[in-house]
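Work through the exercises below with the sequence and the structure in view. Try each task before reading its solution.

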Amino acid sequence: MNRYYKDFSEYMQEVFPGVKVQKLSIDAGFTCPNRDGSIGRGGCIYCNNASFTPGYCSPLDSVEVQIDKGKNFFRRKYPEMKYLAYFQSYTNTFGRSADTLLDMYRKASESEDVEGVIIGTRPDCLPEDLLDGLSELNLLKPVIVEIGAETSFDDTLRLINRNHTWTHVEDAVGRLHSRGIRTGLHLIAGLPGEDADNVLDTVRKACRLPIDSIKMHQLQIVKGTPLLERWSSGEIEVTPFTLEDYLELCVRIIHAVPRRICIERFLASSPPEMVVEPKWGLKNYQFTNLLHNRLKQSFE
């Protein structure tokens with residue numbers, strides 16, 4: 001057990017007692033409503049999907065094939081591992097009927113050694129008939145819905161082209177919770193116009209909701225994004241966190257988050273060749289070691 005906060009491994013042991021699980025990322029060929037013109041175009045200004053999608057994912061492959069490739073990737077090192085089918089890329093509840101979506105999730109959950117399903121989506125793309133179906137699937141195998149919230153500040157959400165509001169987040173979390181579906185929020189620290197206090201404000205608002213987990217990371221300015229173009233031209237002001245400042249922010253976040261809520265991660269780790277700022281040159285375990293050393297001091 002992590003001494004300082006509930007981490008992802010502890011959370012997974014609560015959901016899957018006695019079983020070690022690994023996420024298998026899936027790109028099922030979705031888009032987003034702020035990309036295809038439904039509510040906007042261009043997508044989130046910081047998003048380049050290639051910066052976080054594993055090499056074994058390809059929308060040209062079926063979901064089943066991607067799961068098999070993911071298993072083969074991890075089995076070489078962890079032969080006894082079980083898996084979670086993680087629908088990660090873009091908005092995985094958008095643009096298809098509830099029946100089609102539920103059939104896809106169900107088939108993924110029935111794959112050999114798959115113990116549950118994680119679905120990444122937006123708060124404004126969760127229709128009632130889909131939630132009803134997810135509630136039924138959740139009775140068979142655990143379902144976790146991961147909502148891209150990013151920030152509680154609507155002005156920032158407009159600036160980064162999310163085209164939803166914090167009210168959408170509150171509504172989505174409430175409807176998922178009422179059906180017994182585990183819910184996580186994805187948040188980003190260092191968005192344009194926001195400082196550490198703004199991030200803490202969002203975290204506190206998130207913790208007042210009936211969520212199960214928070215996934216936090218620092219804003220990365222990566223190649224191939226509108227954010228890089230607008231930042232380089234001076235149109236948007238972004239002050240990337242220094243490593244020291246971000247470590248201090250993470251300590252403050254941990255003190256603010258009750259242990260009932262898991263903190264899945266603190267660090268984004270896009271391929272180094274894609275990252276323009278901030279360039280910390282740390283792997284996840286190195287950052288975690290630094291953070292735990294800082295936490296030890298703060299708790300003494």
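**Exercise 1. The sheet**

In what order do the 7 strands of the open sheet lie, and is the pairing parallel or antiparallel?

*Solution.* Keep in mind that this is a predicted model. Step one: trace the strands across the open sheet. The order is E1-E2-E3-E4-E5-E6-E8, and the pairing is parallel. Step two: find the edges. Strand E1 (21-26) and strand E8 (262-265) each pair on one side only. Step three: take the twist. On average, neighbouring strands of this sheet are turned by 25 degrees against each other, direction ignored.

**Exercise 2. From the edge inwards**

Describe how E1 is joined to strand E2, then state which helices pack on the sheet.

*Solution.* E1 and strand E2 (residues 82-87) run parallel and are joined by 6 bridges. Within this pair, Leu24 stands opposite Ala85 in E2. Now add the helices. Helix H1 (residues 8-15) packs on the sheet and touches E1, E2, E4, E5, E6 and E8. The direction of H1 makes about 120 degrees with that of E8. H3 also packs on the sheet, where it touches E2 and strand E3 (114-121). The direction of H3 makes about 145 degrees with that of E3.

**Exercise 3. Strand E5**

How many of the 8 residues of strand E5 are buried? Identify the partners of E5 as well.

*Solution.* Start with burial. In strand E5 (residues 182-189), 7 of the 8 residues are buried, so the strand is largely enclosed by the rest of the structure. Next, take one partner. Strand E4 (residues 143-150) runs parallel to E5 and is joined to it by 6 bridges. Here Glu146 stands opposite Gly184 in E5. Then take the other partner. E5 is joined by 6 bridges to strand E6 (residues 213-218), again in parallel. Leu185 stands opposite Ile214 in E6.

**Exercise 4. Val143**

Is Val143 buried or exposed? List its contacts beyond its neighbours within four places in sequence.

*Solution.* First, place the residue: Val143 is in strand E4. Its relative accessible area is 1%. The cut-off for buried is under 20%. Val143 is therefore buried. Setting aside neighbours within four places in sequence, Val143 contacts Val117, Ile119, Leu134, Leu137, Asn138, Ile181 and Arg182. Finally, compare sequence and space for one pair. Val143 and Gly180 are 37 residues apart in sequence, with their C-alpha atoms 9.5 Å apart.

**Exercise 5. Two helix pairs**

Classify the packing of H3 with H4, and that of H7 with H9.

*Solution.* Two packed helices are described by the angle between their axes and the distance between the axes.

Take H3 (residues 98-109) and H4 (residues 128-140). Their axes come within 9 Å and cross at roughly 20 degrees. Angles under 35 degrees count as roughly parallel. H3 and H4 are therefore roughly parallel to each other. The crossing is right-handed. H3 contributes Ala98, Leu101, Leu102, Tyr105, Arg106 and Ser109, while H4 contributes Asp129, Leu130, Gly133, Leu134 and Leu137. By class, this contact has 7 nonpolar, 2 polar and 2 charged residues.

Now take H7 (residues 196-207) and H9 (residues 243-256). They pack at an angle of about 25 degrees, with axes 10 Å apart. H7 is therefore roughly parallel to H9. H7 passes H9 in a right-handed crossing. The contact is made by Ala196, Asp197, Val199, Leu200, Val203 and Cys207 of H7 and by Leu249, Arg252, Ile253 and Ala256 of H9. These residues divide into 8 nonpolar, no polar and 2 charged.

How values were computed
Residues numbered from 1 in each chain as written. Predicted model: local features only at pLDDT ≥ 70, side-chain atom pairs only at ≥ 80, totals over all residues. Heavy atoms only, no water. Axes fitted to C-alpha atoms, helices over the stretch in contact; angles between N-to-C directions. Helix = DSSP H or I, 4+ residues; strand = E, 2+ residues; numbered from the N terminus. Parallel < 35°, antiparallel > 145°, perpendicular 65-115°, else oblique. Left-handed = near helix turned anticlockwise from the far one by under 90°. Contact = heavy atoms within 4.5 Å. Nonpolar A, V, L, I, M, F, W, Y, C, P; charged D, E, K, R; others polar. Buried < 20%, exposed > 50% of the residue type's maximum accessible area, 1.4 Å probe, protein only. Pairing = 2+ DSSP bridges.
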